[in-house]
Amino acid sequence: MHGEYKIPGGKLVVADVETSGEGTEAALSGVVISGDFFLEPAEALVAINSQLVGMPTSMPVAELAAAVSRAAGADSRFIGFSPEAVAIAVRRALGHATGWHDHTFELIHDEPREPHLQMALDEVLAQEVGAGRRGPALRIWEWERNTVVIGSFQSIRNEIDSEGAARHEVTVTRRVSGGGAMFIQPGNTITYSLYAPSSLVEGLSFEQSYAFLDDWVLGALRELGIQATYVPLNDIASPAGKIAGAAQKRYIAGAVLHHVTMAYDIDADAMLDVLRIGREKLSDKGTKSANKRVDPLRSQTGMTRDAIIESFLGHFESRYATVPGAVRADELAKAEALAVEKFATDAWINLVP
């Protein structure tokens with residue numbers, strides 16, 4: 001069995017494995033780790049292969065990685081990869097974890113929808129993937145009105161200036177994932193969501209999975225001439241400033257929701273009138289002005305928003321298997337009900353007052 005794991009910004013690790021036994025007795029009987037990485041001393045690779053033989057096929061990534069580290073020894077140097085990368089490649093070979101090329105993604109460029117319905121759609125589509133009722137998907141959002149989307153753990157009163165929100169006719173909604181507030185104006189942002197089985201990020205920490213799931217959009221931005229980079233934990237930036245913020249939710253049902261909002265052409269004055277961006281948050285950014293924290297795609301590319309979205313979708317199609325997709329009628333009905341029952345309620349919006 002064959003498995004691969006390409007570290008974002010790093011090297012490719014390949015695992016070719018054989019197994020023996022069945023059920024709880026199944027174990028690795030042969031392991032060959034290879035790739036374009038560097039390892040010192042080189043002999044450590046032989047020790048790693050030998051150490052993995054006999055390991056149960058059910059062993060999780062953390063324990064496999066620990067075994068790889070022990071085999072390599074304290075003085076070994078993993079260059080361009082890591083013990084965790086070896087473990088993930090082995091898990092993929094065994095079919096416990098999957099890669100991008102194990103899936104076909106629906107591409108959905110959705111119509112404008114009201115904010116609470118957008119939140120509900122994210123939850124419904126992720127859960128549909130987890131239940132196996134739909135395949136993985138990439139959805140490009142369109143916004144119907146001015147919105148602030150706050151993270152699931154943020155305080156309304158700490159984040160939102162209610163008078164400023166009223167002046168700019170902003171609807172405040174709360175998403176299911178953590179992270180910071182996003183200021184949205186229709187036509188001025190690009191928002192997308194990835195809905196995928198949990199197996200795609202199996203064995204990856206949250207920080208590793210952010211880099212992994214955003215790697216494609218970094219490639220898309222570089223095609224547009226933007227030297228985009230991933231900035232831990234959840235930002236995408238260029239030398240000119242922050243471009244986007246990401247957030248993620250993993251569902252017990254077996255799905256991961258990863259969504260990103262990118263600034264196309266932001267009204268910084270309106271944003272600052274609505275959001276309470278505290279001195280503490282700005283202090284670690286090395287800037288005195290929140291206006292300088294976000295640099296829109298329009299100023300960096302000179303392209304229209306539609307052209308950038310088209311380029312993004314084309315880049316995704318060039319990397320992975322895709323088919324045209326749409327939100328189904330039954331999914332929309334579930335989301336409309338969920339918006340009324342949960343996302344549009346005061347109890348949810350003011351979950352953290």
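The chain falls into two domains in this predicted model. Domain 1 covers residues 2–94, and domain 2 covers residues 101–350. Their C-alpha centres are separated by 34 Å.

The two domains touch. On the domain 1 side, nine residues are in contact, and they meet eight residues of domain 2. The size of an interface is often given as the accessible area lost when the parts come together. Here, domain 1 and domain 2 bury about 630 Å² between them. Carbon and sulfur atoms account for 55% of that area.

Polar links across the boundary were then counted. One salt bridge joins domain 1 to domain 2. One residue pair in polar contact is also counted between the domains, with both residues at pLDDT 80 or more. On the domain 1 side, β1 (2–6) and α3 (83–93) each supply at least two of the residues that touch domain 2. Helix α3 gives the most, with four residues. By class, this side of domain 1 has four nonpolar residues, four charged residues and one polar residue.

R91 and E202 form a salt bridge. The closest N and O atoms of R91 and E202 are 2.7 Å apart. This distance falls inside the 4 Å limit used for salt bridges.

Aromatic rings were examined next. The count comes to 15 aromatic pairs. One of them is formed by Y5 and F212. The ring centres of Y5 and F212 lie 5.9 Å apart, and their planes meet at 50°. The pair is therefore tilted, since planes under 30 degrees apart count as stacked and those over 60 as edge-to-face. Y5 belongs to strand β1, whereas F212 sits in helix α7 (residues 206–223), so the pair ties together parts that are 207 residues apart in sequence.

Salt bridges were also searched for throughout the structure. The whole structure holds 19 of them. Among them is the bridge between E106 and R134, whose closest N and O atoms are 3.1 Å apart. This pair links distant parts of the chain, 28 residues apart. E106 lies in strand β6 (residues 104–113). R134 lies in the loop between α4 (115–130) and β7 (137–143).

Key
Residues are numbered from 1 along each chain as its sequence is written. This is a predicted model: local features need pLDDT of at least 70, side-chain atom pairs count only at pLDDT 80 or more; totals for chains, interfaces and linings use all residues. Side-chain values use heavy atoms; hydrogens and water are left out. Domain bounds come from an automatic or database domain assignment. Contact means heavy atoms within 4.5 Å. Buried area is the accessible area (1.4 Å probe) that two parts lose on being put together, summed over both. A salt bridge is a side-chain nitrogen of Lys or Arg within 4 Å of a carboxyl oxygen of Asp or Glu. A polar contact is a pair of N or O atoms within 3.5 Å; within protein, one must be able to donate a hydrogen and the other to accept it, and residues adjacent in sequence count only if both atoms are side-chain atoms. Ala, Val, Leu, Ile, Met, Phe, Trp, Tyr, Cys and Pro count as nonpolar, Asp, Glu, Lys and Arg as charged, and the others, Gly among them, as polar. Rings of Phe, Tyr and Trp (its six-membered ring) pair if their centres lie within 6.5 Å; planes under 30 degrees apart count as stacked, over 60 as edge-to-face and the rest as tilted.
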